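Visitor: I would like to learn how to read a helical protein from its model. Could you take me through it feature by feature?

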Amino acid sequence: MNTIFRKSMLSVAGLAFAGGVFAGPVAAHANPAVDAKPVAVAVQTNAPKPQGDQSHITLNDEQTANVKAIIAATKKAGLPERAAVISIATSLQESKLENLGHLGDMNDHDSLGLFQQRPSSGWGTPEQITDPEYSTTAFLKGLKQVDGWQDMPLTDAAQTVQVSAYPDAYAQWEQQATDLVAQHWNS
């Protein structure tokens with residue numbers, strides 16, 4: 001079990017214990033008819049919590065359309081929301097969710113599209129990898145080949161597919177990607 005996951009689980013267990021110690025005696029003497037209040041319930045998932053400082057950008061209409069395209073491709077591939085979160089966080093890091101064409105001297109080799117995939121690395125033709133559905137499907141195909149991707153830190157899953165020179169950079173986008181998937185998954 002990795003250290004971050006183990007620490008997260010110990011933190012959750014500690015909070016549950018502390019919550020029971022402090023809320024238990026109070027709850028035992030509460031009058032449900034008088035003292036009833038709405039309670040926030042935490043939903044537990046297998047997905048690790050976001051790591052490190054989180055970044056956020058305001059999206060324009062094109063970027064939002066690309067979020068929706070990534071979610072649609074994820075659903076079409078029959079994958080869960082976690083796959084869309086990893087895909088969107090990856091695209092936020094690689095292109096800020098902009099479907100980038102060739103950027104001249106600013107280009108990283110021949111990287112293109114939402115995921116900055118490279119035709120010379122076998123991701124597809126320039127036309128294919130600048131198509132949001134195709135590029136997302138190609139990314140997801142790579143993700144599905146990563147054993148345990150559903151439960152590993154987002155940055156590790158993304159890095160295994162992308163092989164970036166900045167492997168930890170994906171982590172900063174996890175919260176925004178999670179929020180975007182929550183907002184658009186059922187829309």
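Visitor: Let us start with the two faces of a helix. Which residues are exposed on the other side of H3?

Guide: Those are Asp61 and Lys76. Keep in mind as we go that this is a predicted model.

Visitor: And which residues of H3 are buried?

Guide: Gln63, Asn66, Val67, Ile70, Ile71, Ala73 and Thr74 are buried. They cover an arc of only 165° around the axis, so they sit on the same side of H3.

Visitor: What do the buried residues of H3 pack against?

Guide: Their partners are three helices: H4 (81-95), H6 (132-144) and H8 (174-184).

Visitor: How do I check the length of H3 against what a helix should span?

Guide: Count 1.5 Å a residue. For the 16 residues of H3, residues 61-76, the span should be 22 Å, and the end C-alpha atoms are 22 Å apart, so the two agree.

Visitor: What should I look for at the ends of H3?

Guide: At the N-terminal end, look for a cap. Here Asn60 plays that part, with a side-chain oxygen 3.0 Å from the backbone nitrogen of Glu62. Past the other end, check the backbone angles: H3 is followed by Gly78, which has a positive phi, near 75°.

Visitor: How is a pair of packed helices described?

Guide: By the angle between their axes and the distance between the axes. In this model, H3 and H4 pack at about 145°, and their axes are 9 Å apart. The crossing of H3 past H4 is right-handed. On the H3 side, the contact is made by Val67, Ile70, Ile71 and Thr74. H4 contributes Ala83, Ala84, Ser87, Ile88 and Ser91.

Visitor: Now the loops, please. Which residue between H4 and H5 has a positive phi although it is not a glycine?

Guide: That is Leu97, with a phi of about 65°. Leu97 lies in the loop between H4 and helix H5 (126-129).

Visitor: Is Leu97 buried or exposed?

Guide: Its relative accessibility is 0%, so Leu97 counts as buried.

Visitor: Val163 also has a positive phi without being a glycine. Where is Val163 found, and is Val163 buried or exposed?

Guide: Val163 is in the loop between helix H7 (154-162) and H8, and its phi is about 55°. With a relative accessible area of 64%, Val163 is exposed.

Visitor: What can I learn from residues that are apart in sequence?

Guide: Take Leu114, found in the loop between H4 and H5. Leu114 is 17 residues from Leu97 in sequence, while their C-alpha atoms are 5.7 Å apart in space. Leu114 is buried, with a relative accessible area of 0%.

Visitor: Which residues is Leu114 in contact with, leaving aside its neighbours within four places in sequence?

Guide: Among them are Asn66, Ile70, Ser91, Glu94, Ser95 and Leu97. The list also includes Glu98, Asn99, Ile129, Pro132 and Ser135. You have met some of these names already: Asn66 and Ile70 are buried residues of H3, and Ser91 of H4 takes part in the contact with H3.

Visitor: To finish, how many helices and strands are there in the protein chain?

Guide: There are 8 helices and 0 strands. Of the 187 residues in the chain, 35% count as buried. For contacts between residues at least 6 apart in sequence, 60% join residues at least 24 apart.

Technical notes. Residues are numbered from 1 along each chain as its sequence is written. This is a predicted model: local features need pLDDT of at least 70, side-chain atom pairs count only at pLDDT 80 or more; totals for chains, interfaces and linings use all residues. Side-chain values use heavy atoms; hydrogens and water are left out. Helices (H or I, at least four residues) and strands (E, at least two) are DSSP runs, numbered from the N terminus. The expected span of a helix is 1.5 Å times one less than its number of residues. Buried means under 20% relative accessible area, exposed over 50%, partly exposed in between (1.4 Å probe, protein chains only). The arc is that of the directions from the helix axis to the C-beta atoms. Contact means heavy atoms within 4.5 Å. A polar contact is a pair of N or O atoms within 3.5 Å; within protein, one must be able to donate a hydrogen and the other to accept it, and residues adjacent in sequence count only if both atoms are side-chain atoms. Axes are lines fitted to C-alpha atoms, for helices over the stretch in contact, and angles run from 0 to 180 degrees between N-to-C directions. A crossing is left-handed if the near helix is turned anticlockwise from the far one by less than a right angle, and right-handed if clockwise.
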